[in-house]
Amino acid sequence: MPAVLFVVHGMGVHSDSSWADPVVAQLDRVASRYDHFAAGPPFSRQATVVPITYDRHFAGWLDRWSGSADELERTIVEEGIGVPDITGWLRGAGEEARNGFWTHVVDVLLYRFFGSQVATPLRLDVIRQIAGKVDELKTGGQVVETFILAHSMGTAVVHDSLALFAEKPELGAHSFFMGGTPVRALFTVANVSRVLERPSPPSFQAYQSVVRPAATDPVQGSRGWIGRFYNFGHELDPFLWVRPFRPVGWADYWQETELRHVLTYNVHGYVEYLDHPSVHIPIINNVLGGVIPRSEADEKTAGYRPELGGDCEEELHDLVADLHVLREAYRGRTEPLELIKLGAQFYGRVKRAQERCRTELES
Amino acid sequence: MNAFAKGLAGVCVCAATLPPPAAAQTVREDCRFDDVMGLTADRITPRWQEWHPAAVMVRLRPLIDENRGEEVGRALRDLFAGSMANVPATARAAHQAELDDYGRMLDSLALVLRGFTPNADPVERVRQIDGLAADVPRDVAPQMSPDGEAEILRGEPGVHITLDDGHPSDVRRALCWSGIAAEVVINELGAAARTRTLAELDRLLGLWENFVDRGYSQFPWEVLLNRGDELRLDPPRWQRIVLHPSVGGEISGDALSRLRRENAILIEVFGLLHYNASRTSYGGASAVASITEERTPAIGLLGHWNWAALGLLARRGETPERWRRPELGIVLSLDLYDLVSGVPAEYEATVQRIRRAATAN
């Protein structure tokens, strides 16, 4: 099957490819709302969906640090050695105990600030996963159409990986994709590639790299790698308030959509974004080639009413009100560290809402 | 046998015994790769069967296998021209501009393909591909748009062919089937470059795996310090050690008869390591402090050789001369210490086993 949709995760624990199960299930679920899927196979059987997993590159470092800290602590305690517990803060970084800071925020920190030792093998691994599948299909005599759906930090990872692929002649990207536009359509959900971009060189910057529509003018002789570029954001998604991704002059084959629906506490959630017809219809129609007619698409989009998850609607409304306040506080911020701070505040607020809801239900 | 050859086999075997052919009705059936390759013989009119991409690929296979680009390019043009005989004159006239655009693209493609010459050397093949890749037209095969149209040459500025259900099926087939065959040809000719790319990625990932799994551990502040240039693809050859805590074993004393063995916390204050090319081995040295339960800290020099680390220590003596007559010792990394300190126990256990065996006899 030549239409391949690579799905890429964001920050958080994603140990193996099963992380994508809820995403694929959601794509199947939302697709089933349309006539084309009423009698036919689900979306995931009409296209090849391939999860891209890179979290092991973070988990590896965290597990090693946690292990070293445990070993040091054990010796200090057993031997009664009088030294300060200098690595105590690293305990709990290991996968099993990962929580809050260690599951989400630290991924961004490691990726953005720890340089080549974290980012380069991760990017090479992402390139390898994509290239391996594309080659497998091409070698099997197929015309391959490559689509990528990335969420949150995954948007930066995909951007940087493709930019690295293009930047390094020894990887032979141009020959690898000879005769085709490398990525037929890129779908970025909660795009943070601009706030996490490298300051230099220009070929790695979010608006300058090859990760832009092929129809835009070449930058430094390089043509864009993306056939169609769809960017989905949400007005209350805090990760989009710091250096939002808003290119200028990408009129052709560039589409930006800002959502306002609230489905659950997690307005940043992958599955929550995909629920909206303005997000999943372009994905389905690009990958499968216009199987949802325009009239049906317009009707479903206009009639979309999110089904609120959970019972604590009041708590949800409070959260939305707080997010509006938070957004004003962060307007115009540009630094990656602001994003990390904001992310921690957001997840803290979401956790509080969830706990209050649980208490309310129990009482 | 690849997908095309399998498809062709189906077409050829079934064609003679099939019911009267039915014409394809939609642009999807005529242009979408899956649909075209999934066409059963009864959906292909006999006059189109020899132009089906699977049939075309079987004919071109020997030329592709020998990398005879010039002949492949000429064949693709001839095939397209030949398939035009299936397009009624009225339809041809109505869509002349699109057909001409596509024909010109095939001319350009044929010019580029001339650069692919017979060569058994994979390195030379890759060099050829690298030299020609940028000139190969983009998107010669049809791709379905989100609106359900087939787009050809979408990646080529100014030449964008869009086909929909309103186009005659014969026009769509002439363009789409030729396009599918042309793209598969390009894919086949580029196979050596893809193999090179994957091999290079595997090599680099292997180096990183070695560096991380077999290299010396680093704490967060050391990773920050050694973070290096993100545009470098391979792991660093040099690694700085800074304030690196670890567990080790210290053997020291003021005389050979009074040696003491203790677990210690080692703090490497600073140091430097160097890796071999495959990042499987490293060596280096660091300045180290050893802290034990009862005694004052010792300082010294720690040498690293892969997993083993061995160092010399000096500790302020207990006599009034203090540093003039320091207590000397050695320090070992945990792995080496376990190995060395385990020997007496193993020796003792072996002796006991032999004694028990002798007594039993």
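## A tour of chains A and B

Between chain A and chain B there are 24 residue pairs in polar contact, both residues of each pair being at pLDDT 80 or more; a polar contact is a pair of N or O atoms within 3.5 Å, where within protein one must be able to donate a hydrogen and the other to accept it, and residues adjacent in sequence count only if both atoms are side-chain atoms. This is a predicted model, in which local features need pLDDT of at least 70, side-chain atom pairs count only at pLDDT 80 or more, and totals for chains, interfaces and linings use all residues. Residues are numbered from 1 along each chain as its sequence is written, chains are lettered from A and ligands numbered from 1 in the order in which they are written, and side-chain values use heavy atoms, with hydrogens and water left out.

**The interface, from the side of chain A**

Select the elements of chain A that give two or more residues to the side touching chain B: these are α3 (56–79), α5 (116–139), α6 (153–167), α7 (173–176), β5 (226–234) and α9 (277–288). Helices (H or I, at least four residues) and strands (E, at least two) are DSSP runs, numbered from the N terminus. Colour α5(A) separately, since the largest share of this side, 15 residues, comes from that helix. By class, the side of chain A that touches chain B has 33 nonpolar, 26 polar and 16 charged residues, where Ala, Val, Leu, Ile, Met, Phe, Trp, Tyr, Cys and Pro count as nonpolar, Asp, Glu, Lys and Arg as charged, and the others, Gly among them, as polar.

Now show both partners: the contact (heavy atoms within 4.5 Å) takes 75 residues from chain A and 76 residues from chain B. The area buried between the two chains is about 6,600 Å², of which carbon and sulfur atoms give 59%; buried area is the accessible area (1.4 Å probe) that two parts lose on being put together, summed over both. In chain A, the residues to pick out are Q117(A), V143(A) and M178(A), which lose the most area to chain B and together account for 11% of what that side buries.

Next, display the side chains of R184(A) and E151(B), which meet in a salt bridge at 3.6 Å, N to O. Eight salt bridges are found across this interface, each being a side-chain nitrogen of Lys or Arg within 4 Å of a carboxyl oxygen of Asp or Glu.

**Three strands of chain B**

Move to chain B and select β6(B), residues 282–291, where seven of the 10 residues are buried, meaning under 20% relative accessible area, with exposed over 50% and partly exposed in between (1.4 Å probe, protein chains only). Strand β5(B), residues 260–275, pairs with β6(B) in the antiparallel sense over 10 bridges; two strands pair if DSSP finds at least two bridges between them. These two strands form a hairpin with six residues between them, and R279(B) in the turn has a positive phi of about 60 degrees. Continue to β7(B), residues 298–305, which pairs with β6(B) in the antiparallel sense over eight bridges, the two being joined by a hairpin through six residues. Centre on S286(B), which is the bridge partner of G271(B) and also of L302(B) in β7(B).

**Two single residues**

Still in chain B, find Q128(B) in helix α9(B), residues 122–132. Q128(B) is buried, with a relative accessible area of 11%, and, leaving aside neighbours within four places in sequence, is in contact with N67(B), G115(B), F116(B) and T117(B).

Finally, return to chain A and select G60(A) in helix α3(A), which is buried, with a relative accessible area of 17%.
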